[in-house]
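User: I have a chain to look through and would like to go over its fold and a few of its residues. Could you show it first?

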Amino acid sequence: MKELIKSVKRKSLLLILSVYWGIIFIGTSLPGKSLKYIPQYSDKLKHFAAYLILTILLYWFYLIKNKKNDLTGKQIRFIIILTGGYGILDELHQLLIPGRSCDVVDWLADLAGIFFGLVIAKFWFAKKVINA
């Protein structure tokens, strides 16, 4: 029964992660003119927050997948490469979207979100606030 619950938890989290990642992709695929209907906060803050949440979800997913209380250095590097690499591809993808642009500073905001997300996840899950 315990394994069934963990399996459901892992699949649910994978679904949440997939939907969230899809929302990021859709959000960055919208033409610039359509963005006037979206609440205007700092663009860099949006990048930071999006990748912070993405990183925490990935961290949590790997904890459940590995059935351990912490990730290895290799897994953490993988999360950094995966999310940072996606950030680069996402910025390049925006070159193809009318009214959007590729901005290195946006990618740096993504990276800042990734690293802060890792720090938050490490402390959050180490304290077992959320039972992974």
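Analyst: The following exchange covers the overall fold, the nonpolar core and two individual residues.

Analyst: This is a predicted model, in which local features need pLDDT of at least 70 and side-chain atom pairs count only at pLDDT 80 or more, while totals for chains, interfaces and linings use all residues. Residues are numbered from 1 along each chain as its sequence is written, and side-chain values use heavy atoms, with hydrogens and water left out.

User: What is the secondary structure of the protein chain?

Analyst: The protein chain has four helices and zero strands, in the order α-α-α-α along the sequence. Helices (H or I, at least four residues) and strands (E, at least two) are DSSP runs, numbered from the N terminus.

User: And what percentage of the residues count as buried?

Analyst: Of the 132 residues, 33% count as buried, meaning under 20% relative accessible area, with exposed over 50% and partly exposed in between (1.4 Å probe, protein chains only).

User: Which residues of the largest nonpolar core touch the most other members?

Analyst: They are Leu17, Leu54, Leu58, Tyr59 and Ile79, in a core of 25 residues. Helices α1 (2-29), α2, α3 (73-93) and α4 (104-126) each supply at least two residues of this core, and the largest share, 12 residues, comes from α2. A nonpolar core is a set of buried Ala, Val, Leu, Ile, Met, Phe, Trp, Tyr and Cys residues joined through side-chain atoms within 4.5 Å.

User: Take Leu58. Where is the place of that residue, and is Leu58 buried or exposed?

Analyst: Leu58 is in helix α2 (residues 43-66). Leu58 counts as buried because its relative accessible area is 4%.

User: What does Leu58 touch?

Analyst: Not counting residues up to four places away in sequence, Leu58 touches Leu17, Trp21, Ile79, Leu82 and Thr83, where contact means heavy atoms within 4.5 Å. With residues up to four places away again not counted, Leu17 touches Leu54, Leu57, Leu58 and Phe61.

User: Changing topic: which side chain of opposite charge is nearest to Asp90?

Analyst: That is Arg100, 6.6 Å away; Asp90 is buried yet has no salt bridge. A salt bridge is a side-chain nitrogen of Lys or Arg within 4 Å of a carboxyl oxygen of Asp or Glu. Lys and Arg count as positive and Asp and Glu as negative, whereas His and the chain ends are not counted.

User: Where does Asp90 lie, and with what is Asp90 in contact?

Analyst: Asp90 lies in helix α3. Leaving aside neighbours within four places in sequence, Asp90 is in contact with Thr28 and Tyr51.
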